[in-house]
Amino acid sequence: MTKRSSEGRGPPNRIRSETQEMYQSGFRPWEESRLDDMADFLAEHLPSPQKVRTILEIGCGRGLRALLTATKLFNASGTRYCGLDVSPEAVAHAKRFYDELKSGTVPAPLTPFLKGHPRLVCDVEFWAGDFTANELPPSTPSFDLVVDWWCLHELFAPLRKTYVDLVTR
């Protein structure tokens, strides 16, 4: 695997291959701990989660935080939660976890966090794409809320401006 410098990860094609290598090797430190941090943070700092109807999570990985956050905060009919990640392998996992959750089975990594929560009713989609290359989910031109948990700080410094410009447009 390519070493990362203090400048973050390199150009998009290298980011994509590094991320894919990490998923294939099972190395996902950003995903294995503190899964409920994002949901807890948003619950504390977002004034009216019930008013948010479209959410984009950049760097969703295997979708665990997305599914947890969607279930805890945005679980309303008509709400759409989109997860985007550069790793097709991670997105395939996310789609399987979503299918499990929609069928009423809580995926094993989420079991400790979703006991007693209602069944997921909002729409959740997962897409493979590179946000810095503007590879967005095709059916939603804009989002009420964009979240990132472990992505921006990993980008190569020149890509950070592109990233911020895309988020704020």
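# Exercises on a predicted fold

I58 makes contact with L84, F131, V146, V147, D148, W149, C151, Y163 and V167, leaving aside residues up to four places away in sequence. Keep in mind that the model you're working on is predicted.

**Exercise 1. Place I58: which strand holds it, and is it buried or exposed?**

Step 1. Find the element. I58 belongs to strand β1, residues 54-58.

Step 2. Check the accessibility. The relative accessible area of I58 is 2%, and buried means under 20%, so I58 is buried.

Step 3. Try a sequence-versus-space comparison. I58 and T132 sit 74 residues apart in sequence, yet their C-alpha atoms are 10.0 Å apart.

Step 4. Zoom out to the chain. Among contacts between residues at least 6 apart in sequence, 80% join residues at least 24 apart. On the burial side, 45% of the 169 residues count as buried.

**Exercise 2. Work out how many helices and strands the chain has, and what pattern they follow.**

Step 1. Count the elements: you should get six helices and four strands.

Step 2. Now read along the sequence. The order comes out as α-α-β-α-β-α-α-β-β-α.

**Exercise 3. Hunt for salt bridges: how many does the whole structure have?**

Step 1. Run the search over everything. One salt bridge turns up.

Step 2. Identify the partners. R80 pairs with E125, and their closest N and O atoms are 2.6 Å apart; the cut-off is 4 Å.

Step 3. Map the pair onto the fold. R80 is in strand β2 (residues 80-85) and E125 in strand β3 (residues 123-128), so to speak a link between distant parts of the chain, 45 residues apart.

Step 4. Look at burial. R80, at 13% relative accessibility, counts as buried, whereas E125 is partly exposed at 23%.

**Exercise 4. Check helix α4: what span do you expect, and where do its buried residues point?**

Step 1. Take the 15 residues of α4, 88-102. At 1.5 Å a residue they should span 21 Å, and the end C-alpha atoms are indeed 21 Å apart.

Step 2. List the buried residues in α4: A90, V91, A94, F97, Y98 and L101.

Step 3. Look down the axis. The buried residues of α4 fall within an arc of 120°, so they line one face of the helix.

Step 4. See what comes after. G104 follows α4, and its phi is positive, near 100°.

**Exercise 5. Repeat the analysis for helix α6, and say which exposed residues lie on the face turned away from its buried side.**

Step 1. α6 runs over residues 157-168, twelve residues in total. Its first and last C-alpha atoms are 18 Å apart, close to the expected 16 Å.

Step 2. Pick out the buried residues of α6: L159, Y163 and L166.

Step 3. Project them down the axis. They fall within an arc of 65°, so they line one face of α6.

Step 4. Flip to the face turned away from the buried side. There you'll find the exposed residues P158, K161 and T168.

**Exercise 6. Explain why C82 forms no disulfide with C60.**

Step 1. Start with the total: the whole structure has zero disulfides.

Step 2. Recall the chemistry. A disulfide is a covalent bond between the sulfur atoms of two cysteines.

Step 3. Compare distances. The cysteine sulfur closest to that of C82 is in C60, 9.8 Å away, which is too far for a bond.

Step 4. Add the burial of each. C82 is buried at 0% relative accessibility, and C60 is buried at 5%.

Methods
Residues are numbered from 1 along each chain as its sequence is written. This is a predicted model: local features need pLDDT of at least 70, side-chain atom pairs count only at pLDDT 80 or more; totals for chains, interfaces and linings use all residues. Side-chain values use heavy atoms; hydrogens and water are left out. A salt bridge is a side-chain nitrogen of Lys or Arg within 4 Å of a carboxyl oxygen of Asp or Glu. Helices (H or I, at least four residues) and strands (E, at least two) are DSSP runs, numbered from the N terminus. Buried means under 20% relative accessible area, exposed over 50%, partly exposed in between (1.4 Å probe, protein chains only). Contact means heavy atoms within 4.5 Å. The expected span of a helix is 1.5 Å times one less than its number of residues. The arc is that of the directions from the helix axis to the C-beta atoms. A disulfide is a pair of cysteine sulfur atoms within 2.5 Å.
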